[in-house]
Each structure stands twice: as C-alpha cells, then as structure tokens.
Amino acid sequence: MFTLDSRLKTDFLGSVLKTPLLLPAGVMGISASSLLYAVQSGAGIVTTKSLTLQPRKGHDGPVISPVEGGFINAMGLCNPGIEFGIKEISEFKIKSFVPVIASVFATEPEGFVKLTEFINDSEADFIELNLSCPNVSAEYGVPLSSSPVIVEEVVRAVTDISKIPVIAKLSPNVPDIKLLALAAEKGGASALCLINTLGPGMEIDINIGRPVLKNIFGGMSGPCVKPIAVKLVYEASSVVKIPIIGLGGIMTGADAVEMLMAGASIIGIGTGIYYRGMDIYRKVNNELNEFLMKKDFKHIDEIKRINIDG
Ligand SMILES: Cc1cc2nc3c(=O)[nH]c(=O)nc-3n(C[C@H](O)[C@H](O)[C@H](O)COP(=O)(O)O)c2cc1C
C-alpha cells in the first residue's frame with residue numbers, strides 16, 4: 001500500500017487529503033472502480049466525469065487523438081446521467097474515505113440547480129460546476145465561463161441551495177481570467193478549478209484531406225498547455241482568496257512544484273495518465289516529496305507562490 005510523507009498531507013476545504021494530487025473530471029470516466037483505481041494509484045481526491053441531467057451519448061468517433069505534446073478531444077460529454085452517476089459515487093464511498101468531487105454540466109442556471117438537488121442527496125463531498133466545456137454544441141466555442149455575469153449567476157444559484165462546497169471550473173479560453181475568477185468567488189464558490197481544455201483546436205489527416213476528429217474541433221490537453229495553465233493559475237491566484245485546483249499538462253513532480261508556485265493549492269493530473277500510466281500519481285507524489293526533502297521544505301504550503309512576486 002502507498003505510504004505518504006506528512007509533507008504532502010494537506011487540507012482542502014476542510015477535508016484532509018493524504019496527497020494534493022487530484023484525478024480531474026472526465027479522464028477516467030464515472031465508474032466507482034475507475035475512481036478507486038486512481039486512489040489506489042496515489043490520488044488524494046477524485047472527480048467524476050461531468051454528469052448531465054439526462055444520459056448523453058457524446059460525439060461520434062474519432063473523439064480523441066494524440067497531437068504533438070498532448071491530446072485533442074471532443075468526447076461531447078458522454079455520460080450515463082446524474083442518477084447513475086450518484087449511484088457510482090455511493091459505490092465508491094463504500095470502499096473509500098477519499099473525498100469525491102461530483103462534476104456537473106448544464107447549459108443554463110436552472111439545469112445546474114436541478115443537478116445540485118440530486119447531488120444534495122448524494123454522498124459527494126464537493127460539487128464542481130463545469131462552466132467550461134469547449135466541445136458541446138449548445139455552447140460550442142463559447143463556454144458559460146466566457147462571461148463574468150453568467151459565471152456569477154450560475155455559481156450563486158448553486159451555492160444558494162448546495163449543501164456542500166461548490167467549485168467553479170473555468171475556461172482558459174478567455175481574454176482575462178481574473179474577471180472570471182473574481183466573478184466565481186463573488187458568486188460564492190469555495191474553490192476554483194483551472195484549466196479545462198484549451199482551444200478548441202483542429203488536426204487534419206493529410207492523407208485523406210479530412211479532420212481527424214469527427215467533430216472537427218476538439219479541446220487540447222497535456223504538456224503543450226502547461227505554460228498557459230501555469231500563467232492562468234498565477235493570475236487567478238493573485239486576485240482571489242479561495243483555493244485553486246491547478247491542472248493542465250502536469251506530468252512530473254517538477255510540474256507539480258511549478259503549479260504550486262503559481263498559486264495552486266492542489267494539483268490535477270489527467271492527460272499525464274496516457275503518458276506515464278495510472279501509476280503517475282505515485283510517481284509524482286514521490287518526485288514532489290523528493291523535491292521538498294532536497295530543498296528542506298517541511299510542507300507543500302511553504303512553496304506556494306514562493307518568491308514569485310519578487
Ligand atoms: C478525454 C478527456 C475528457 C475530459 N472530460 C471532461 C469532463 O467531462 N469535464 C471536465 O470538466 N473536464 C473534462 N476534461 C478536462 C480535464 O479534466 C482537464 O481539465 C484538462 O484535460 C487539463 O488537464 P490535463 O492536461 O492534465 O489533462 C477532459 C479531458 C480529457 C482529455
């Protein structure tokens with residue numbers, strides 16, 4: 001079984017995490033067994049696939065393709081629906097004490113409110129509002145989190161009724177992340193999660209002269225987006241007081257250190273799984289711990305925004 005150093009043990013919104021590494025939404029689906037697999041591999045907190053009120057088939061394939069330095073995907077939010085999702089969360093909770101974040105997606109505030117009513121009757125520890133999917137037609141290319149007014153409205157509608165802390169997942173595809181971060185905080189969010197996939201982008205198969213993805217466009221993730229993710233976490237953390245889940249291209253302990261220095265409180269690893277396997281959580285925990293030991297830091301909190309502001 002995985003043993004952890006006290007340097008990595010951290011508090012996130014009142015829950016004690018054995019490690020600051022998080023499984024982000026979507027990368028491993030919704031099943032209890034896949035969430036459990038992430039925990040057994042060293043993740044300290046896990047997120048479900050974004051759940052919608054009704055089951056969604058998602059886009060026709062191909063839905064994901066490797067590109068230089070990452071992946072491009074247009075899954076189309078395929079998921080079995082909220083009722084199925086909360087049963088999987090219960091199943092997970094029978095086997096694990098690790099906190100679980102229920103990610104939800106709707107295209108308007110009323111939908112988010114209905115989803116929150118379901119989550120209130122579930123065993124989820126946190127609810128994450130996916131305000132930032134670049135791959136579904138209702139908001140294609142224009143995520144809800146493009147507008148500070150809409151972000152504040154949706155977050156407030158949910159926090160008004162939610163029994164658990166609310167996390168707002170923001171889009172990187174905006175001119176000024178600070179405005180969106182502040183809007184989410186003003187609406188009552190307890191934490192932010194950034195970034196969702198970047199773009200969307202496009203890849204063409206030159207042998208057949210057609211786009212690789214059936215949906216033509218798709219969001220980008222993996223190492224190629226990391227400098228943008230670091231910059232956006234840095235900017236957001238300079239204006240809000242609430243904690244930030246930083247993710248986007250994290251592959252190594254060094255990447256995790258960089259994200260903490262940018263201002264993240266905990267760190268997500270998604271696409272990295274495709275490169276280093278599920279064991280990436282254990283590897284990054286060890287690499288992060290080694291860095292702290294080598295530099296004589298007693299806890300990850302000591303490197304948060306260290307020396308960044310000059
Ligand atoms: C295949 C795939 C599916 C995803 N599905 C979701 C989703 O359902 N909801 C969501 O908020 N983000 C989703 N994401 C975005 C990730 O949670 C994460 O924000 C993004 O990929 C950046 O992190 P990474 O570079 O570590 O993967 C998905 C990403 C991938 C690659």
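**Reading the ligand site and the strands**

User: Where does the ligand sit in relation to the pockets?

Analyst: The ligand takes up the space of the largest pocket. Keep in mind that this is a predicted model.

User: How many residues surround the ligand, and which are the closest?

Analyst: A residue is counted here if one of its heavy atoms lies within 4 Å of the ligand. The shell has 22 residues, with Ala-25, Ser-50, Lys-169, Gly-249 and Thr-271 the closest. Sorted by class, the shell holds 12 polar, eight nonpolar and two charged residues.

User: Which polar atoms lie close to oxygen atoms of the ligand, such as those of Lys-49, Gly-249 and Gly-270?

Analyst: A polar contact is a pair of N or O atoms within 3.5 Å. Lys-49 supplies a polar side-chain atom, at 2.9 Å from an oxygen atom of the ligand. With Gly-249, a polar backbone atom is involved, and its distance to a ligand oxygen atom is 2.8 Å. Gly-270 also has a polar backbone atom in such a pair, at 3.0 Å from an oxygen atom of the ligand. As for the ligand surface, 600 Å² is exposed when the ligand is taken alone, and the protein buries 97% of that.

User: Now the strands. In which sense do β5 and β6 pair?

Analyst: To read a pairing, look at the direction of the strands and at the bridges between them. Strand β5 covers residues 64-67 and strand β6 covers residues 70-73; their pairing is antiparallel, over four bridges. One position to look at is Ser-65, which stands opposite Ile-72 in β6.

User: What do β5 and β6 form, and how many residues lie between them?

Analyst: They form a hairpin, with two residues between the strands. Gly-69, in the turn, has a positive phi of about 80 degrees.

User: Which strand do bridges join to β6 on from there?

Analyst: Strand β14, residues 217-221, is joined to β6 by three bridges, and the two run antiparallel. Ile-72 has Met-220 as its bridge partner in β14. Strand β14 also pairs with strand β11 (residues 198-202), in the antiparallel sense and over three bridges. There, Gly-201 has Gly-218 of β14 as its bridge partner.

User: Which peptide bonds are cis, starting from Leu-194 and Gly-199?

Analyst: Most peptide bonds are trans, and most residues other than glycine have a negative phi. The bond from Leu-194 to Ile-195 is cis, with omega near 25 degrees. Ile-195 belongs to the loop between β10 (191-194) and β11. Another cis bond runs from Gly-199 to Pro-200, with omega near 5 degrees, and Pro-200 is in strand β11.

User: Is the phi of Asp-296 positive or negative, and where is Asp-296 found?

Analyst: Asp-296 is not a glycine, and its phi is positive, near 65 degrees. Look for Asp-296 in the segment after α9 (280-294).

Terms used:
Residues are numbered from 1 along each chain as its sequence is written. This is a predicted model: local features need pLDDT of at least 70, side-chain atom pairs count only at pLDDT 80 or more; totals for chains, interfaces and linings use all residues. Side-chain values use heavy atoms; hydrogens and water are left out. A polar contact is a pair of N or O atoms within 3.5 Å; within protein, one must be able to donate a hydrogen and the other to accept it, and residues adjacent in sequence count only if both atoms are side-chain atoms. Accessible areas come from the Shrake-Rupley method with a 1.4 Å probe; for residues, only the protein chains shown count as cover. On a 1 Å grid over the protein atoms alone, a cavity is a set of points where a 1.4 Å probe fits but cannot get out, and a pocket is an open set with protein on both sides within 12 Å along at least five of seven lines; lining residues have an atom within 4 Å of a point. A molecule sits in a cavity or pocket if more than half of its atoms lie within 2 Å of its grid points. Ala, Val, Leu, Ile, Met, Phe, Trp, Tyr, Cys and Pro count as nonpolar, Asp, Glu, Lys and Arg as charged, and the others, Gly among them, as polar. Two strands pair if DSSP finds at least two bridges between them.
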